[in-house]
Amino acid sequence: MTLRMELGENGYDIVIERGCLKKAGTLLDLDRKALIVTDDGVPPQYAKTVAGACKAPTVVTIPQGESSKSFPVLEQLLSRMLAAGFSRSDCVCAVGGGVVGDLSALAAALYMRGIDFYNVPTTLLSQADSSIGGKTGIDLDGVKNVVGVFRQPKKVLIDPDVLSTLPPRQIAAGHAEIVKAGLIADAGLFSLYESGEAERDLLTALSRALAVKKAVVEEDEKESGLRRILNFGHTVGHGIESVTGLLHGECVSLGMIPMCAPAVRERLIPVLERLGLPTSVEADPEKVFSALLHDKKAAGGRITAILVEEVGACKQISLSPEALREKIETVVKR
Ligand SMILES: NC(=O)c1ccc[n+]([C@@H]2O[C@H](COP(=O)([O-])OP(=O)(O)OC[C@H]3O[C@@H](n4cnc5c(N)ncnc54)[C@H](O)[C@@H]3O)[C@@H](O)[C@H]2O)c1
């Protein structure tokens with residue numbers, strides 16, 4: 001199936017189809033120079049397949065992990081394009097998870113004030129969430145995503161077949177973002193998790209999560225209001241991510257728990273446990289709290305967060321630092 005992100009002249013197709021990676025040559029305009037960015041944890045055949053469909057590919061393999069969302073690696077991508085004589089009519093194509101996607105989207109947005117960007121996400125998290133919506137970014141001084149711009153891709157190719165090589169822990173982390181989509185806006189999607197159907201029919205779960213994000217981004221492309229609901233679980237989650245070595249999706253799993261009404265939490269915890277996601281973590285709550293206050297969502301002394309009062313519906317609330325500190329302690333235990 002193909003979803004269309006309706007954003008006027010910034011609109012684009014999101015192709016969700018088993019085996020679509022092999023059709024990159026016809027689905028993407030690769031009859032030009034293309035910087036194909038991947039990382040050393042992504043099986044190399046995926047980037048090779050895209051490169052094989054490209055007239056003049058430059059493949060760059062960056063080190064895997066969040067630490068590649070940095071200025072030195074960004075500069076490396078820009079330098080490679082310059083050295084290979086890229087013009088404004090050439091393109092960048094990410095073949096990897098959210099790290100490769102966020103970083104290379106920013107490189108594409110910056111090179112010569114912006115060239116075309118394609119995303120071929122290869123993790124469940126990036127297929128269900130990060131590859132659409134146009135948020136690009138790198139981290140700075142330990143603060144996540146603090147440097148970046150909004151810029152939409154030209155097209156996104158989601159091939160669930162590439163998930164066959166993804167380790168189970170990464171699959172579970174991806175489910176966290178899909179569960180998030182269900183909790184904030186699609187009660188039926190959440191029910192698919194309660195019945196176990198979501199794992200049996202991943203394509204349906206994936207498409208429903210994308211539909212939730214697409215609808216929100218279409219309403220509020222640059223996060224001036226509604227789009228903040230997608231940050232559900234991320235306020236506390238980012239704090240935990242800065243302090244622990246847990247995966248992004250695992251931190252979202254933890255971050256959602258304190259931001260639910262008790263009745264929702266009772267339904268959520270068994271779902272997360274069954275998926276193999278953490279529901280509590282050993283760390284210093286004080287450190288999580290101070291990391292969180294550095295996060296970009298903390299403004300004017302109070303912290304904006306999203307609360308799910310009933311499954312499928314959420315609202316924005318403003319919390320005092322003390323109230324947030326208490327919430328952290330429901331999942332972060334010394
Ligand atoms: N832009 C957004 O809207 C948005 C939204 C959510 C998260 N993010 C960002 O996404 C990042 C997390 O993304 P992620 O969870 O995809 O992590 P990731 O990009 O670090 O990928 C996880 C690991 O899986 C490996 N991998 C990727 N594809 C594989 C495959 N098919 N088979 C085997 N291994 C594979 C990678 O090498 C890596 O080691 C974070 O930086 C987060 O901030 C961005």
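# Close-up views of a predicted model

**View 1. Helix 10 and helix 13 pack together at an angle of about 115°.** The partners here are helix 10, residues 234-243, and helix 13, residues 285-294, and their axes lie 8 Å apart. That angle makes helix 10 roughly perpendicular to helix 13. If you follow helix 10 past helix 13, you are looking at a right-handed crossing. Please keep in mind, here and in every view below, that this is a predicted model.

**View 2. Helix 6 meets helix 9 at about 55°.** Helix 9 covers residues 202-219, and its axis is 9 Å from the axis of helix 6. Angles from 35 to under 65 degrees count as oblique, and helix 6 and helix 9 are therefore oblique to each other. Their crossing is left-handed. Helix 6, residues 168-185, will come back in the ligand view, where it supplies at least two residues of the shell.

**View 3. Helix 3 and helix 4 cross at roughly 50°.** Look for residues 71-83 to find helix 3; its axis and that of helix 4 come within 10 Å. Helix 3 and helix 4 are therefore oblique to each other. Helix 3 passes helix 4 in a right-handed crossing. Helix 4 itself runs over residues 98-110.

**View 4. An open sheet is built from 7 strands.** Reading across the sheet, you will meet the strands in the order 1-2-9-6-5-3-4, with mixed pairing. Strand 1 and strand 4, the latter at residues 56-62, are the edge strands, and each pairs on one side only. From one strand to the next, the twist averages 15°.

**View 5. Strand 2 pairs with strand 1 and with strand 9 in this part of the sheet.** Strand 1 (residues 2-5) and strand 2 (residues 12-16) are antiparallel and share 4 bridges. A handy landmark is R4, which stands opposite D13 in strand 2. The two strands form a hairpin with 6 residues between them, and G8 in the turn has a positive phi of about 60°. Strand 2 is also joined by 4 bridges to strand 9 (residues 155-158), and this pair runs parallel. There, I14 has V156 of strand 9 as its bridge partner.

**View 6. Strand 5 and strand 6 run parallel.** Zoom in on residues 91-96 for strand 5 and residues 116-121 for strand 6, and you will find 6 bridges between the two. One pair to pick out is V95 and its bridge partner in strand 6, V120.

**View 7. Strand 12 and strand 13 make an antiparallel pair.** These strands, at residues 302-310 and residues 313-319, are linked over 7 bridges. I303 stands opposite L319 in strand 13. The hairpin has 2 residues between the strands, and G312 takes a positive phi near 95°.

**View 8. The ligand is surrounded by 31 residues.** Which residues come nearest to the ligand? They are G41, G97, G98, T123 and S130. By class, the shell holds 8 nonpolar, 16 polar and 7 charged residues. Domain 1 (2-165) and domain 2 (168-333) each contribute at least three residues to the shell. Several elements each supply at least two shell residues: helix 4, helix 5 (124-130), strand 8 (143-147), helix 6 and helix 11 (248-256).

Note on methods. Residues are numbered from 1 along each chain as its sequence is written. This is a predicted model: local features need pLDDT of at least 70, side-chain atom pairs count only at pLDDT 80 or more; totals for chains, interfaces and linings use all residues. A residue is near a molecule or strand if its C-beta atom, placed from the backbone, lies within 6 Å of it. Ala, Val, Leu, Ile, Met, Phe, Trp, Tyr, Cys and Pro count as nonpolar, Asp, Glu, Lys and Arg as charged, and the others, Gly among them, as polar. Domain bounds come from an automatic or database domain assignment. Two strands pair if DSSP finds at least two bridges between them. Axes are lines fitted to C-alpha atoms, for helices over the stretch in contact, and angles run from 0 to 180 degrees between N-to-C directions. Angles under 35 degrees count as roughly parallel, over 145 as roughly antiparallel, 65 to 115 as roughly perpendicular and the rest as oblique. A crossing is left-handed if the near helix is turned anticlockwise from the far one by less than a right angle, and right-handed if clockwise.
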